[in-house]
Amino acid sequence: MSTNNIWKINGQPMTNTIKRIWERFLIIISQLKRQVNMNVVTVNQFFKTSLSKSDVMVESILKNELIRQTTSVNLIASENLVSRAVLEAQNNVFINKCAEGYPGCRYYGGCMFADELERVAIARAKHLFKCEYANVQPHSGSQMNQAVMLALLSPGDTIMEMDLKCGEHLTHESAENRFGIWFKSVSYGVNPETGLIDMNEVLNVAIRHRPKLIIVGTASYPRTIDWKAFRRVADIVDSFLLADISHVAGLIVTGLQPSPIDHCDVVTTTTHKSLRGPHGGLILSNKQELFNRLSNTVFPGLQDGPMMNIIAAKAVAFLEAQQDGYRIWAKSVIENAKAMVERFKTKKIDIVSNGTDNHLVMIDLKNLELTDKQVTSWLDRCYITTNKNIIPNDLLSTNTTSGLRLSTCACTSRGLKKKDFERIADMIADILLEIKDKDKVSLPLETKTRMEVLDLADKYPICYSV
Ligand SMILES: *Cc1c(COP(=O)(O)O)cnc(C)c1O
């Protein structure tokens with residue numbers, strides 16, 4: 001058979017035109033084939049190329065951050081250390097999913113598993129906090145508090161919150177916060193002698209200003225809050241009561257601190273501090289009508305789609321917080337903070353309110369005549385990470401303060417024990433006293449502290465891989 005035969009139709013030779021068309025067709029096919037093959041290759045790489053291969057820059061920054069975390073002592077109160085399970089849960093395929101709305105009523109298709117996940121997170125949050133309603137969608141602490149204000153207030157209304165110097169959080173409504181321009185703000189403080197909330201002052205301020213909303217809950221108050229007493233005040237002036245328990249949520253769900261849930265209209269908390277979850281917010285309430293309003297201000301009021309991958313990690317953290325190990329952790333957090341306080345006292349270093357009931361140790365630098373700026377940068381150089389904080393009766397400003405805020409949360413998660421915290425308190429005390437004497441930390445002390453920190457780091461590694 002001659003090769004010419006393929007150019008015949010029904011035994012007759014093809015015309016040249018048909019031959020050309022056939023050739024063009026073969027070219028297109030071969031191009032398509034090549035295209036498909038190329039797609040197979042790129043698609044494979046798209047799914048298979050690891051970060052270390054695809055982005056050396058970001059990969060190396062991540063590695064450095066892990067080394068920094070491992071080789072320092074973290075005493076920052078708004079941070080913690082998540083479990084491997086929480087870290088894994090945040091890093092998931094829900095990163096690809098938009099799920100505007102709430103379970104059962106979404107704006108997009110394909111939300112069956114998003115619904116299931118969010119329902120699990122909500123059920124766990126309700127069980128953990130023993131309450132009727134939970135919204136797990138707020139992206140952060142700022143959004144959860146803004147949602148509450150948006151739901152409960154009209155522009156021009158008065159909010160009463162703690163004085164910033166005494167522990168209030170910026171998101172509660174202040175000049176620095178965007179919401180400060182919409183609402184009037186009045187504040188209550190602490191007793192200058194004891195450092196404790198003065199309920200008489202709270203009542204007086206409330207009666208004088210008749211706020212629509214009273215906010216309780218702080219970022220630097222180391223003492224237990226009497227929720228019932230605040231409820232009484234709120235009832236007298238007929239105002240809403242919001243508890244923001246961001247810092248102590250983990251101590252509340254373990255029963256180590258009293259819960260505000262039965263005394264407040266709304267409770268908010270971040271999920272990344274003592275709750276040991278991903279960065280995010282949570283809104284809780286027992287009041288249905290109010291909660292419906294709140295859900296509307298979260299979505300569509302303030303946010304659009306929820307971050308479903310973060311909600312997965314929140315759900316895991318809520319489950320962990322129900323386990324025995326977490327209760328043991330929370331108990332140690334308080335014991336370790338108390339141990340640090342005692343150690344500082346023996347070194348004649350002042351502590352705000354002269355002690356602590358929670359994870360916070362607030363150092364008062366006034367008598368040492370030091371400011372936070374000198375102190376935090378020297379501590380940083382010695383691999384001890386802390387943060388400045390304004391304190392009651394502070395003579396300075398929010399930028400330069402006389403307070404140093406320490407917390408035992410992250411290091412307790414890492415496994416450090418009471419004696420380790422005493423050692424850290426000693427290191428900090430030695431550094432403070434030397435800065436007071438010499439206006440700096442001498443090289444021998446800096447070196448000694450660094451070696452001690454690295455010794456602790458060695459004993460308690462941060463290690464997420466198998
Ligand atoms: C940290 C904190 C917030 C804000 O949380 P972000 O997620 O950083 O916005 C709000 N309230 C209190 C009491 C906090 O401690």
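Which helix gives the most residues to the lining of the largest pocket? In this predicted model, the answer is α3, which contributes six residues to that lining. The pocket itself has a volume of about 780 Å³, and 27 residues line it, with E65, L66, Q69, L87 and Y464 lying nearest its centre. Three elements give two or more residues to this lining, namely α3 (56-70), α4 (84-90) and α14 (409-414). When the lining residues are sorted by class, 13 are nonpolar, nine are polar and five are charged.

From the open pocket we can turn to the enclosed spaces. A search of the whole structure finds four cavities of 30 Å³ or more, and the largest of them holds about 130 Å³ of space. This largest cavity is lined by 16 residues, and those closest to its centre are R223, I225, V248, Q257 and N358. Its lining is made up of eight nonpolar, six polar and two charged residues.

The next feature is a pair of helices. Two packed helices are described by the angle between their axes and the distance between the axes. For helix α12 (residues 324-346) and helix α15 (residues 418-438), the angle is about 35° and the axes are 9 Å apart, and the crossing in which α12 passes α15 is right-handed. On the α12 side the contact is made by N336, A339, M340, R343 and F344, while α15 supplies K418, F421, E422, I424, A425, D426, I428 and A429. Taken together, the residues of this contact divide into eight nonpolar, one polar and four charged.

The backbone also deserves a careful look. Most residues other than glycine have a negative phi, and most peptide bonds are trans. Against that background, three places can be picked out. A cis peptide bond joins F299 and P300, with omega at about 5°, and P300 belongs to helix α10 (residues 288-302). R210, a residue other than glycine, has a positive phi near 45°; R210 sits in the loop between α7 (199-209) and β9 (213-216). Phi is also positive at E369, where the value is near 55°, and E369 is placed in the loop between β14 (360-364) and α13 (372-381).

How do these two loop residues stand with respect to the surface, buried, partly exposed or exposed? R210 has a relative accessibility of 48%, and because exposed means over 50% and buried means under 20%, R210 counts as partly exposed. E369 has a relative accessible area of 66% and is therefore exposed.

The loop that holds E369 leads on to α13, and that helix includes T376. With a relative accessible area of 17%, T376 falls under the 20% limit and so is buried. Which residues does T376 touch, leaving aside those up to four places away in sequence? They are T386, N387, K388 and L404. T376 in α13 can thus be looked at alongside E369 in the loop between β14 and α13: the threonine is buried, whereas the glutamate is exposed.

Methods: Residues numbered from 1 in each chain as written. Predicted model: local features only at pLDDT ≥ 70, side-chain atom pairs only at ≥ 80, totals over all residues. Heavy atoms only, no water. 1 Å grid on protein atoms, 1.4 Å probe; cavity = no way out; pocket = protein on both sides within 12 Å on 5 of 7 lines; lining within 4 Å. Points joined across faces, edges and corners; volume = space filled by probe spheres on them. Nonpolar A, V, L, I, M, F, W, Y, C, P; charged D, E, K, R; others polar. Axes fitted to C-alpha atoms, helices over the stretch in contact; angles between N-to-C directions. Helix = DSSP H or I, 4+ residues; strand = E, 2+ residues; numbered from the N terminus. Left-handed = near helix turned anticlockwise from the far one by under 90°. Contact = heavy atoms within 4.5 Å. Buried < 20%, exposed > 50% of the residue type's maximum accessible area, 1.4 Å probe, protein only.
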